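Reader: I would like each label on this structure set against the rule behind it. Please begin with a helix.

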Amino acid sequence: MRIFAISDTHFSLDPTRNMEGFGPIWKNHQEKILSNAKKVIAPGDILLIGGDISWEHKLDQALVHLRQLNDLPGFNKLFVKGNHDHWCKNLTKLKNSLPQGLQALMGNAVKLRGQVFAGTRGWLAPNDPCADDLDQKTFEKEMALLRQALDQAIELKPAEGIHLLLHFPPFTTQGETTPFWDLLQSYPVATCTYGHFHMAAEWEAIPTGKVDGIACQLTAADYLNMTPYCIWDAPGTPK
Ligand SMILES: [Fe+2]
Ligand SMILES: [Fe+2]
């Protein structure tokens with residue numbers, strides 16, 4: 001069993017709302033993501049989807065995209081919302097609408113196939129140059145949700161460490177660690193995947209690979225050339 005991750009799929013039902021203004025990498029990106037994912041993910045794997053999933057504003061419309069991702073190979077899919085997922089508001093309605101095999105992580109943790117997953121959206125931290133005073137309240141709320149998610153993960157006895165899914169990286173746009181990083185470091189986190197960064201300067205600044213023993217990966221679809229990334233592999237388990 002392997003764990004794959006991708007984020008910032010930015011799917012849209014409106015063909016005029018394409019992403020090509022952000023660079024040639026985004027040409028036909030929906031088709032590319034779905035096609036590449038089918039090539040790399042096996043039926044026994046798990047896919048983590050790190051937010052900014054759909055531009056749609058209504059849940060019914062975003063469900064088209066959630067189903068497209070859920071229909072990909074993979075035993076289970078987990079997602080967190082991103083700052084652009086405006087369809088993701090009513091948690092009860094969302095839970096009742098999700099297709100089988102797809103679950104949201106919003107300050108909670110789940111155990112799947114012996115692995116423990118925790119997740120929340122995250123936010124800009126006060127030490128990020130892009131943050132302003134208006135971000136403080138959401139920052140504090142997301143810090144509490146991260147602590148809640150990681151505490152739940154501990155109760156699930158993560159023998160091989162916690163797989164943490166975020167939308168906002170626990171690093172600033174200049175690559176410095178944030179209070180989210182300080183918090184997650186006090187738990188046995190094995191992998192940490194996150195998205196949100198689309199700028200070349202952010203890609204250059206962000207730490208990659210193992211950081212203080214935690215396997216870290218930026219999973220923004222454009223950064224990954226529209227192909228889900230394998231963050232964890234359990235040799236000897238069925239794929
Ligand atoms: Fe994004
Ligand atoms: Fe984002």
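Author: The buried residues of helix 2 are Ala-62, His-65, Leu-66 and Leu-69. This is a predicted model, in which local features need pLDDT of at least 70 and side-chain atom pairs count only at pLDDT 80 or more, while totals for chains, interfaces and linings use all residues. Residues are numbered from 1 along each chain as its sequence is written, and chains are lettered from A and ligands numbered from 1 in the order in which they are written.

Reader: What makes a residue of helix 2 buried or exposed?

Author: A residue is buried if 20 or more other C-beta atoms, placed from the backbone, lie within 10 Å of its own, exposed if 12 or fewer do, and partly exposed in between. Asp-60, Val-64 and Arg-67 are exposed, on the other side of helix 2 from the buried residues.

Reader: How do you know that the buried residues share a side of helix 2?

Author: The arc is that of the directions from the helix axis to the C-beta atoms. The buried residues cover an arc of only 100° around the axis, so they lie on the same side of helix 2. They pack against strand 2 (46–49), strand 3 (76–79) and strand 4 (102–104). Helices (H or I, at least four residues) and strands (E, at least two) are DSSP runs, numbered from the N terminus.

Reader: How do you know that the span of helix 2 agrees with its number of residues?

Author: The expected span is 1.5 Å times one less than the number of residues. For the 12 residues of helix 2 (residues 59–70) that gives 16 Å, and the end C-alpha atoms are 15 Å apart, which agrees.

Reader: Why is Gly-50 called buried?

Author: Gly-50 has 33 C-beta neighbours inside 10 Å, and therefore counts as buried. Its place is in the loop between strand 2 and helix 2. Leaving aside neighbours within four places in sequence, Gly-50 has contacts (C-beta atoms, placed from the backbone, within 7 Å) that include Ala-5, Val-80, Leu-165 and Thr-219. Gly-50 and Gly-82 are 32 residues apart in sequence and 7.2 Å apart in space, C-alpha to C-alpha.

Reader: Which strands stand at the edges of the sheet, and why?

Author: The open sheet has 6 strands in the order 5-6-7-8-10-9, with mixed pairing. Strand 5 (108–112) and strand 9 (209–211) each have a single partner strand, so one side of each is left without a neighbour in the sheet. From one strand to the next the twist averages 25°.

Reader: What makes strand 5 and strand 6 a pair?

Author: Two strands pair if DSSP finds at least two bridges between them. Strand 5 and strand 6 have 5 bridges, in the antiparallel sense, and therefore meet that rule. One of the bridge partners is Gly-119 in strand 6, for Asn-108. In the hairpin of these strands, with 2 residues between them, Arg-113 takes a positive phi near 50°.

Reader: How do strand 6 and strand 7 run, and how many bridges join them?

Author: Strand 6 and strand 7 run parallel and are joined by 5 bridges. In strand 7, Leu-166 is the bridge partner of Thr-120.

Reader: How many residues of strand 6 are buried?

Author: In strand 6, 6 of its 6 residues are buried. Gln-115, Phe-117 and Gly-119 point one way, and Val-116, Ala-118 and Thr-120 the other way. In a regular strand the side chains alternate between the two faces of the sheet.

Key:
Axes fitted to C-alpha atoms, helices over the stretch in contact; angles between N-to-C directions. Contact = placed C-beta atoms within 7 Å.
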